[in-house]
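Dear colleague,

Please find the structure below, handed over for your consideration. My notes on it follow directly after.

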Amino acid sequence: MPALVLSSVYLVLGTGRFSLFGGWAFYVNVLYLTLSSLLFIHFKKSFWLYFVFFAFLCLYAPIGLLYGRINEAFVFAIWGTYGSEADEFSKTLPPQYLVYSALSAVLLLFFYFITPKFQLKGKKIISFFAIFAIVTALGQPLKIGTTSTFVKAIKFFKQSLDDVRLYTKTKIEPKWQIKSVNPNYKNFVVVIGESARRDYFEAYGYGVPNTPFLREINGTFVDGYTATGLNTILALKHVLNEGGDFDLNIVDLANLAGFETFWLSNQGKIGYYDTANTIVAKRAKMLYFLSDDESVAGKFDENLVKKVGEILSQKSEKNRVIFLHTIGSHPRACSRLKSQDYKNYADERTFWINCYAKSIAQSDGDLRALYEILESNRAKTGESFSVIYFSDHGLTHNYKKNPPELLVLENASKEHFAIPLIKFSSDSVGRKFVKNESFANYFPQNFAHWLGVETANFGEFSDIFSDGVQADTLGARNLVKNKNPDPAVDISKFYK
């Protein structure tokens with residue numbers, strides 16, 4: 001009995017909803033789960049239905065303890081996860097949580113096999129299951145997080161599976177109405193960063209020298225740009241598609257305006273199913289996934305940058321738009337680093353923070369290499385260029401881990417959505433810093449403006465590169481669940 005109570009405490013906490021002193025709802029959940037376990041171990045066949053529910057809680061508990069309660073964004077991210085990324089995700093889970101989950105499942109099975117079974121018949125067994133079903137169905141109003149977590153998982157999984165099946169069948173019919181095309185540059189490059197918070201960039205005031213290139217390059221730096229999604233799929237949906245409409249995606253906009261389009265990705269792909277992002281990527285005239293290139297040993301973003309050099313070496317009469325979808329600072333950041341110097345870091349308490357800061361330094365180096373390739377090509381051919389860099393979303397500190405790590409958490413902070421937005425060009429003069437409140441869903445119209453494309457599809461132009469406050473039409477501010485400040489951790493004493 002005490003062992004089952006402890007197991008129930010662990011699994012209730014594993015829903016991500018409760019603290020150890022979570023009020024009456026916490027105790028109701030523990031009582032509900034313990035009594036349910038004690039009752040079902042006395043049944044034969046029906047026990048295994050209950051065990052499915054119990055096993056789900058065991059599987060989710062390590063995730064819930066670390067990341068928070070289940071939500072649509074987390075379940076949908078399953079379809080944007082490929083093999084190596086899934087392996088890295090599993091490594092973020094503390095081993096002791098996995099042990100507790102395994103022990104909980106084994107404990108329930110142990111009691112089932114040693115406990116005599118009830119011989120309930122007729123009205124008694126119907127009454128028992130009726131009471132259990134009613135209590136379970138009332139899980140939401142009674143604040144029974146264990147059952148509502150299970151029900152939501154089924155609901156979100158079905159919804160997300162329906163979505164990705166729909167994406168696979170989606171036939172895009174571009175609705176862009178091009179009025180005029182007057183590009184100011186020959187080559188346009190969009191660099192989509194990953195999981196990078198702007199407060200960890202030296203160029204935005206962070207206290208370690210991790211962006212030497214961005215510290216010196218002429219261009220426009222926006223402080224106030226805000227992501228509109230918790231993870232990559234949700235964050236980029238409105239960046240790549242005007243109003244989230246696939247028929248108004250920015251790759252087709254460039255295609256119809258007469259540009260050559262290239263999509264280079266280090267994000268991997270998931271096989272049969274398309275995500276909202278790969279649907280758009282496939283609209284490019286040339287599509288390249290680094291994960292498919294067996295000739296490249298290290299799957300680092302620098303290899304995407306080198307591919308740009310290959311593209312520019314082929315003469316073209318058309319203007320080009322090149323998209324680089326990088327892996328950037330995706331958790332776990334240490335595995336993103338080409339250099340192994342991070343292993344010599346002196347402070348154990350901020351070990352993962354150091355890797356994160358260095359991953360941004362590595363991205364800075366990739367941007368420098370990109371600039372040098374474009375500038376070298378300009379010197380040889382006279383082809384002008386312009387680059388826009390931004391991140392899809394940021395991360396939130398998880399202080400439940402020791403040492404703390406930056407992750408995608410359900411209880412996301414404001415800083416999670418505060419991302420860098422930088423533009424530099426072959427004719428940039430001086431360094432301009434813009435303080436505004438702008439939102440990523442305004443990117444499509446700014447992308448068109450940057451290319452020199454005028455269409456009939458946009459309303460009044462709202463510039464993400466100028467001062468002011470944009471209307472939060474998607475409710476991005478409501479995505480902030482953790483209202484407490486989540487500032488960057490200062491590691492300047494230890495950083496090398």
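Why is strand S3 (residues 219-226) largely enclosed by the rest of the structure? Seven of its eight residues are buried, so the strand has most of its length shielded by what surrounds it. Please bear in mind that this is a predicted model.

The pairing of S3 may be described next. Strand S11 (residues 431-439) runs parallel to S3 and is joined to it by seven bridges; within this pairing, Gly-219 stands opposite Arg-431. Strand S10 (residues 421-425) pairs with S3 in the antiparallel sense, over three bridges, and here Val-222 faces Leu-421 as its opposite number.

These strands belong to an open sheet of nine strands with mixed pairing, in the order S5-S4-S6-S2-S7-S10-S3-S11-S13. Its edges are strand S5 (286-289) and strand S13 (468-469), each of which pairs on one side only. S13 runs parallel to S11, and two bridges join them; Asn-436 has Gly-468 in S13 as its bridge partner.

Two helices that pack on the sheet deserve mention. Helix H14 touches strand S2 (187-193), strand S7 (385-391) and S10, and its direction makes about 170 degrees with that of S7. Helix H15 (residues 443-451) touches S2, S3, strand S6 (320-325), S7, S10 and S11, and its direction makes about 155 degrees with that of S2.

Turning to the nonpolar interior, the largest core has 101 residues, and Phe-390, Phe-443 and Phe-447 are those with the most contacts inside it. Helix H14 (residues 351-381) gives the most to this core, with nine residues. A second, separate core has 36 residues, including Val-12, Val-30, Ala-61 and Phe-111. In general, nonpolar side chains tend to be buried together in soluble globular proteins. Beyond its neighbours within four places in sequence, Phe-447 is in contact with Val-190, Ile-250, Leu-253, Ala-254, Val-321 and Phe-323.

A search of the whole structure for aromatic pairs finds 35. One of them, Tyr-200 with Tyr-356, is edge-to-face, at 5.1 Å centre to centre and with 85 degrees between the planes. Tyr-200 lies in the loop between S2 and helix H9 (212-216), whereas Tyr-356 is in helix H14; the two are 156 residues apart, and the pair thus links distant parts of the chain. Both Tyr-200 and Tyr-356 are buried. The rings of Phe-201 and Tyr-389 have centres 6.3 Å apart and planes at 45 degrees, so this pair is tilted. Phe-201 is in the loop between S2 and H9 and Tyr-389 is in strand S7, so the pair ties together parts that lie 188 residues apart in sequence. Phe-201 and Tyr-389 are likewise buried. Ring pairs also link a cluster made up of Tyr-185, Phe-188, Tyr-225, Phe-259, Trp-263, Phe-323, Phe-390, Phe-443, Phe-447 and Trp-450.

Which side chains make polar contacts with that of His-397? The side chain of Tyr-200 does so at 2.6 Å, and that of Asp-486 at 2.8 Å. His-397 is placed in strand S8 (residues 396-398) and counts as buried, because its relative accessibility is 5%, against a cut-off of under 20%. Not counting residues up to four places away in sequence, the residues that His-397 touches include Arg-197, Ile-353, Glu-405, Leu-409 and Pro-487.

With kind regards

Conventions. Residues numbered from 1 in each chain as written. Predicted model: local features only at pLDDT ≥ 70, side-chain atom pairs only at ≥ 80, totals over all residues. Heavy atoms only, no water. Buried < 20%, exposed > 50% of the residue type's maximum accessible area, 1.4 Å probe, protein only. Helix = DSSP H or I, 4+ residues; strand = E, 2+ residues; numbered from the N terminus. Pairing = 2+ DSSP bridges. Polar contact = N/O pair within 3.5 Å; in protein donor to acceptor, adjacent residues only side chain to side chain. Contact = heavy atoms within 4.5 Å. Core = buried A, V, L, I, M, F, W, Y, C linked by side-chain atoms within 4.5 Å. Axes fitted to C-alpha atoms, helices over the stretch in contact; angles between N-to-C directions. Phe/Tyr/Trp six-rings, centres within 6.5 Å; stacked < 30°, edge-to-face > 60°.
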